[in-house]
Amino acid sequence: MLLKVLTLLLLCATLGWAKESYEGYKIYDVTARNNFEKQLLLRLANNVDYDFFEMPRALHAPARVMLMPKDQPGFESLLQRFNMEYLVVSENLARSLQQQQGERLMSSRATETRGISFTAFQRHADINAYLDSLAKAYPSRVSVKVAGQSYEKRDLKTITISNGDGRQGKNVIFLDAGIHAREWIAPAGALYVIYQLVENFVMYQDLLKDYDWVILPVVNPDGYEYSHSTTRMWRKTRKPVTSTCSGTDANRNFDFHWGEVGASSIACADTYKGSTAFSEPETQTVRDLLLELKGRGKFYLTLHSYGNYLLYPWGYTSDLPADWRNIDEVAKAGAAAIKKATGTKYTVGSSTNVLYAAAGGSDDYAYAMAKFPISITMELPAGGTGFDPTPAQILPMVSETWEGIHAMAKQVIDKY
Ligand code: 0X9
Ligand code: ZN
């Protein structure tokens, strides 16, 4: 009997059914003070077992990395050997996550509307149910469509929000979130935008007079659910690639300079580019939605976390597109609005120049191939150890984000 139980446990662990506990996992902030140290960190980032939440970028800006217990002694002695500056942000990620779970259970449901609250992260089925409930409650202004399905057959639902005047073919602002599974604050941010535009329609009617909004709040629901049920720090999609590794980085999978830089060919890596461009049903769906909007699509905004960035093309080269100033102006309007509202600072610039080069992103694709003149990736702030804002942080974070999105949308609407 004992043998049977042990075999079952072993099987679960091998097949990845056991929930990842993160017991003993540590999170470090490591700061490069010179180019040698930066190169050393970049070399370490190639190790598939080192999960860099924040990649090494500029000197004096800390990179954040999560390590399992077996890798910690070697890593720490390396840092000490080279006298590198580092800080242990979490001694044990399992404890940090448990603490937040506790807070979540205690948190109030005061901000709840139609079953959705901004004091907890929502599961994918609840997000889709929320969209449906809005379409039912506001049939003249809201419609929901199934734009595609994920690998595990979850519906990828878009919500289209209009002012109900019946005018067809308006310009469009397209917003998505949840390309990366573990960045939970991003779908929450998209939900808050939906909530404001639909439930607070009178206040924001200027944003809907000549524009419709199309929003896909969770691009990668399989990964999102997996990060809830099994592995909190999962980033990729879930389609198996080899017998041991699953998932493609959806933001390396778009067919524009695909795989040229900042994307891995190793199936187990977190930035795996996929077996081909658009190998994933989720990225195919975003592609089709974007191309369908060619001509009407004026503003593509994709929500990620974290790091407080407003990024624009190009992600595949340090060159800038000819009309980068137009995008820069919109992004700066967003950053200024957020600064004014809460004091939070955002860095504005091209992805390659202010973050790192990474080809195959949705932003480059929307701009280059679907001809959205304004295309921006918004990296929301960190919460908790990075990807895990506490329940009390969710509402302040998404409402601050909304201030920025509102200002950027206003700028686009006035100009295009
Ligand atoms: O690396 C990414 O995909 C984004 N950062 S994240 O930490 N959320 O993973 C940045 C993407 C910027 N855009 C392009 N490189 N095209
Ligand atoms: Zn991301």
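This tour moves through a predicted model, from its two domains to their interface and then to ligand 1.

**Stop 1: the two domains.** Begin by selecting residues 21–91 of the protein chain, which the domain assignment gives as domain 1, and colour them apart from residues 119–415, given as domain 2. If a centre is placed on the C-alpha atoms of each domain, the two points lie 28 Å apart.

**Stop 2: the interface.** Next, display the residues where the domains meet: 12 residues of domain 1 are in contact with 17 residues of domain 2. The size of an interface is often given as the accessible area lost when the parts come together. Here domain 1 and domain 2 bury about 1100 Å² between them, and carbon and sulfur atoms account for 58% of that area. On the domain 1 side, select Tyr22, Phe53 and Arg57, which lose the most area to domain 2 and together make up 44% of what that side buries.

**Stop 3: polar links across the interface.** How many salt bridges does the rule find across the interface of domain 1 and domain 2? The count is 1. To view a salt bridge, select Asp51 and Arg182; their closest N and O atoms are 2.9 Å apart. Between domain 1 and domain 2, 6 residue pairs are in polar contact, with both residues at pLDDT 80 or more.

**Stop 4: the ligand.** Now centre the view on ligand 1 and show the 16 residues that surround it. The closest are Arg235, Arg252, Tyr356, Asp363 and Glu379. Colouring the shell by class gives 7 polar, 5 charged and 4 nonpolar residues.

**Stop 5: polar atoms around the ligand.** Select Arg252 first: a polar atom of its side chain lies 2.8 Å from an oxygen atom of ligand 1. Then turn to the backbone. A polar backbone atom of Ala358 is 3.0 Å from a nitrogen atom of ligand 1, and a backbone N or O atom of Ser305 lies 3.4 Å from a ligand nitrogen atom. Finally, add a surface: on its own, ligand 1 has 420 Å² of accessible area, of which the protein covers 97%.

Note on methods: Residues are numbered from 1 along each chain as its sequence is written. Chains are lettered from A and ligands numbered from 1 in the order in which they are written. This is a predicted model: local features need pLDDT of at least 70, side-chain atom pairs count only at pLDDT 80 or more; totals for chains, interfaces and linings use all residues. Side-chain values use heavy atoms; hydrogens and water are left out. A residue is near a molecule or strand if one of its heavy atoms lies within 4 Å of it. A polar contact is a pair of N or O atoms within 3.5 Å; within protein, one must be able to donate a hydrogen and the other to accept it, and residues adjacent in sequence count only if both atoms are side-chain atoms. Accessible areas come from the Shrake-Rupley method with a 1.4 Å probe; for residues, only the protein chains shown count as cover. Ala, Val, Leu, Ile, Met, Phe, Trp, Tyr, Cys and Pro count as nonpolar, Asp, Glu, Lys and Arg as charged, and the others, Gly among them, as polar. Domain bounds come from an automatic or database domain assignment. Contact means heavy atoms within 4.5 Å. Buried area is the accessible area (1.4 Å probe) that two parts lose on being put together, summed over both. A salt bridge is a side-chain nitrogen of Lys or Arg within 4 Å of a carboxyl oxygen of Asp or Glu.
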